[in-house]
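Ready for a few exercises? Have the viewer open, try each task by yourself, and then read through the steps.

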Amino acid sequence: MSEPLLSIENLQVKFSRSEDEVYAVNNVSFAIHENEALGIVGESGSGKSVTLMSSIGLIRENGKITSGKALFQGKDLLKLRPKQLEDIRGRDIGVVFQDPMTSLNPIMRIGDQIMEAMLTHQYASRKEAFNRTIQLLQEIGIPDPHSRFKSYPHEFSGGMRQRIMIAIALACEPQLLIADEPTTALDVTVQMQILALLQDLRRKRGMSVVIVTHDFGLATNFCDKIIVMYGGQIMEAASTDMFIREATHPYSIGLKASIIEVGNKGKEISPIPGAARTLTEAPTGCPFAERCPFKTERCLNEVPELRAFGIDHYIACHHAEEVASYAV
Amino acid sequence: MASTVAETHSEVVLKKKKVRRSEFYQGWKRFKKHRLAVIGLVWVVIFCLAGIIGPWVAPHDYRTGDFLAINQAPSWKYIFGTDNVGHDMFSQILYSIRSALIIAIGATLVSFIIGVILGLWAGLRGGIADMIIMRAVDFMMTLPGFLFALILVIMLGRGYLSLILAIGIPGWAGYARLIRSLVLSMRDSEMVEAARALGASQAHIARRYMLPNVIGSMGVALAFGIPGDLIQIAGLSIFGMGLQPPIPSFGNMIAQAGENILGFPWLLYFPAGIFAITLLSFLFVADGLQEAFSPKGGN
Amino acid sequence: MAILKFISKRIVQIIITLILVISVSYIMMYFSPGGFMNTSTMATALAPLQGQNPVLYQEVMEQFQSRYGLNLPLYQQILKYVWHELTFDFGNSMQNPSLSIMSQLQRTLPVSVILAFGSIILSVVVGVPLGIIAALKRNTWVDYLVSTVSLAGQAIPAFVLAVILVLLFGVVFQGILPITGWGRWDEAILPIICLSAANVGVVARYMRGSLIETLRSDFIRTAKAKGVKYWPMVMKHGVKNSLTAMITVIGPQFAFTVMGTIWVEQIFAIPGLGQVMQTAFTSFDFPLAITSVFLLGSMIMVMNLMVDIIYAIIDPRVKL
């Protein structure tokens, strides 16, 4: 396989709070290749967005990357100076955030907000940037782009604002788009439209997309590969097909069982018992152990390594084989 | 059935009191963390004590000056110096503290009482009463209270009570608005609904459930009110509309010092310095209270 | 066009408020014991005349009453007075009947307007950058210094600061700046500094809080994600948004600046509206007093209107 576009290696992120520290991301490694759609699935607090945001320098002030690498086109993003990182953000890596209602500058015309991305990176001249903005607005499905160029965010609906966010992220034709819960704040019907738009844009441009979501169904619909995170660690990683057929980690199985699928009539939805906990100490065992039905002594005392478990299938569970035999 | 209702009722009340006490304790703990606020509080206490015992410790009378010792620089006999008719500045300041405190506290209370009455009325009654009162609040807030105070002084005169009223009466609007908003936010809360379901009268609801809950916010408002009124008193004196001389006041002293400041600057140092430090202290205390007792305060 | 409608609506509001102000002042002065409104004061003054020449006494009294409209019923007096004030027909002062109030104002009002606006401009020009520095250097000594100085500026009233500055520039830095008078440009410096101190403090403190809050908001993260550099991000996204939040709070604060001019004029011996007002109030010259109250109120409200208009211009979300 070719060199990956972005590869995260042994990333570790801590947040310091007034009293203690939170171990948000622990020893996470994965890679995304060109033209690939990767879904990172997990509950809130599982460290899924922190992993990506910290690698592009958009981490909160109290967050600290304690070790690891984030290689993007051969450069370690974590070692770049803030200025160099600024050059990459928005030009080579675009980001779409969760809440379109608050993510746009309320007192700046939306056209200017899209143009700003291009002008900042000297991607285009003012005139070119304007033309490209109009074109982008058209492409993302905003009618009458010439007059809407001058509108302010509050004159748009949530779905429309998210489209504008996408236009901002795509303004400089980035190779990688990070979408952090892009549809969570939207109505269900609008969610589908936004996803369809993203899918369409991805195919046309041949860019890679990472979708961070808590919505397992969304990830399986959209992505080629899926990574499941829990407690700041990767639990399982596999291609989507493999995942749907043979998800083996007890947590993944739980996730699958907790969603409603068409055709699953009669099958009961079973929530995973217990609740996710915030780690305030370095993990000493499997983070999911407390809620896991397969838990043994070993799970509490030894952090499971992410290991190969078949073609394109990785898992971090001491008892994967056992679980697999059980599931089949 | 009836007994269970009564029990629930008393339980609600008990719980409430417990919460309040610990809230004040928590607030005090937060307040103590602000060093400037604590320093301010110490000064405010000293200032108030000076106001209370001033007349007994003042070495000289404020009315009679020593004509043989006019415009003297600070010395052992006159530690803050003397003014152009031989008044001992130290004694003058002690008396000024007293008059300033009497008027500031009195005026703040007057504003507060009017504000509470009108605010409660507007909040509880609603309708036309509310509309009229809020219009009046808007009107009062558009213009500085000092303007009204000036006109009131003309009408009422320049005695203690007149000044208390002249400064106090125009200051009600802020308190009324605060109280009304507190009432409105409380009115629909569960606790009051429960009381209403029990058939408690409106006056009872106001006294028992709303007032205790707003004490924190009102304390902060009052703490900001006193330094504001101190400024107004001095401002009236500067304008020649404050306490009638020979009753000493900070405003008069500061204004007089301004007249012959190049020759006898100590006439300014002490009154202006003490006045400024006092205002600053009150403001630090109010700031500290706000951060300690209002959830939004602080950074 | 929405803005014209908004302005005209606000002007109507301002006029109603001014009518109220004039009426309230008139009524209060009418009932004040020592005021000239009260014909009894005049009667006492003319008492000796009554014995000597009752006809002349009657004539003088009537002339006095009709000159100030005191022979009409109270409500008519008020209406008449309101009308006169609103049409800028202020009449003559009582202390100095040969002098028209208008001529006094032509001399003094511009002085106060210069002081008030000068200080507002200064407080924004100084306060906003201070607030920005404090916000960006949060919890460093720079921040603490700015916060403390701002609080001190807020706590020390203009008249105390005025006296302190007079002392400073009269004794320590003698001859650098003039400490009294009015006429040369440099004579405006110290008074304007006095008036601005409190506002610089308020502006800086609000700016700091507002900017800290704004910099935490989601759209700042979006700007960072776009790769926008630090300073453009702070200025274009942070400061601009903070200003809109701040303006609403600052508007009323400036009312006190206008009030402060009348104190500062006292101490720097500046012939402005404040001095006219002081003469009027201390000598119970009621037409002059009411007129100065009217003008002071107008200045404050015009200032608030301007703040509202600026707010509407920079914040597109404001519905007029």
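**Exercise 1. Place one residue**

Task: Find B:Val285 and say which helix it is in, then decide whether it is buried or exposed.

Solution: Go to chain B, where B:Val285 sits in helix 11, residues 266–293. Keep in mind as you look that this is a predicted model.

Next, count neighbours. A residue is buried if 20 or more other C-beta atoms lie within 10 Å of its own. B:Val285 has 26 other C-beta atoms within 10 Å, so it is buried.

Now ask who those neighbours might be. Leaving out residues up to four places away in sequence, B:Val285 touches B:Ala37, B:Gly40, B:Leu41, B:Val44 and B:Ala223. For a feel of how the chain folds back, take B:Arg35: 250 residues separate it from B:Val285 in sequence, yet their C-alpha atoms are 10.0 Å apart.

**Exercise 2. Zoom out to chain B**

Task: Work out how many helices and strands chain B has, and what share of its residues count as buried.

Solution: Walk along the sequence and you meet one helix after another, in the pattern α-α-α-α-α-α-α-α-α-α-α. That gives 11 helices and 0 strands.

Then check burial: 42% of the 299 residues of chain B count as buried.

Finally, look at the contacts with a separation of 6 or more. In chain B, 68% of them link residues 24 or more positions apart.

**Exercise 3. Build the sheet in chain A**

Task: Give the order of the strands in the open sheet of chain A, and explain why one side of strand 2 and of strand 5 has no neighbour in the sheet.

Solution: Start with strand 1 (residues 6–16) of chain A. It pairs antiparallel with strand 4 (residues 63–72) of chain A over 8 bridges. Strand 1 of chain A is also joined to strand 2 (residues 21–32) of chain A by 8 bridges, again antiparallel, and a hairpin of 4 residues connects strand 1 of chain A to strand 2 of chain A.

You can see both pairings from a single residue. A:Val13 stands opposite A:Val25 in strand 2 of chain A, and opposite A:Ile65 in strand 4 of chain A.

Now add the last strand. Strand 4 and strand 5 of chain A pair antiparallel over 2 bridges, with A:Asp76 in strand 5 of chain A as the bridge partner of A:Leu71.

Put the pieces together and you get 4 strands in the order 2-1-4-5, with antiparallel pairing. Strand 2 and strand 5 (75–76) of chain A are at the edges and have a single partner strand each, so one side of each is left without a neighbour in the sheet.

One more thing to spot: helix 1 (residues 48–55) of chain A lies across strand 1, strand 2 and strand 4 of chain A, at about 105° to strand 1 of chain A.

**Exercise 4. See who touches whom**

Task: Find which chains share the most contacts, and describe the two sides of chain C that touch other chains by residue class.

Solution: Begin with the pair that can be ruled out. Chain A and chain B do not touch, and their nearest C-alpha atoms are 14 Å apart. Of the 2 pairs of chains in contact, chains B and C share the most contacts.

Take chains B and C: 39 residues of chain C and 32 residues of chain B make up the contact. Helix 8 of chain C gives the largest share of the chain C side, 8 residues. By class, that side has 29 nonpolar, 10 polar and no charged residues.

Turn to chains C and A, where 19 residues of chain C are in contact with 22 residues of chain A. Here helix 10 of chain C gives the largest share of the chain C side, 7 residues. This side has 5 nonpolar, 6 polar and 8 charged residues.

**Exercise 5. Cores and confidence**

Task: Say which residues have the most contacts inside the largest nonpolar core, and which element of chain C has the lowest mean pLDDT.

Solution: The largest nonpolar core has 157 residues, and those with the most contacts inside it are B:Ile254, C:Ala158, C:Phe159, C:Ala162, C:Val163 and C:Cys194. A second, separate core of 97 residues includes A:Leu52 and A:Tyr314.

For confidence, chain C averages a pLDDT of 83, and 95% of its residues score at least 70. Among the elements of chain C, helix 2 (residues 39–45) has the lowest mean pLDDT, 62, and helix 10 the highest, 92. Where pLDDT is low, the predicted coordinates should not be read in detail. The model as a whole scores ipTM 0.87 and pTM 0.80.

Note on methods. Residues numbered from 1 in each chain as written. Chains lettered and ligands numbered in written order. Predicted model: local features only at pLDDT ≥ 70, side-chain atom pairs only at ≥ 80, totals over all residues. Core = buried A, V, L, I, M, F, W, Y, C linked by C-beta atoms within 7 Å. Buried ≥ 20, exposed ≤ 12 C-beta atoms within 10 Å, placed from the backbone. Contact = placed C-beta atoms within 7 Å. Nonpolar A, V, L, I, M, F, W, Y, C, P; charged D, E, K, R; others polar. Pairing = 2+ DSSP bridges. Axes fitted to C-alpha atoms, helices over the stretch in contact; angles between N-to-C directions. pLDDT = per-residue confidence, 0-100.
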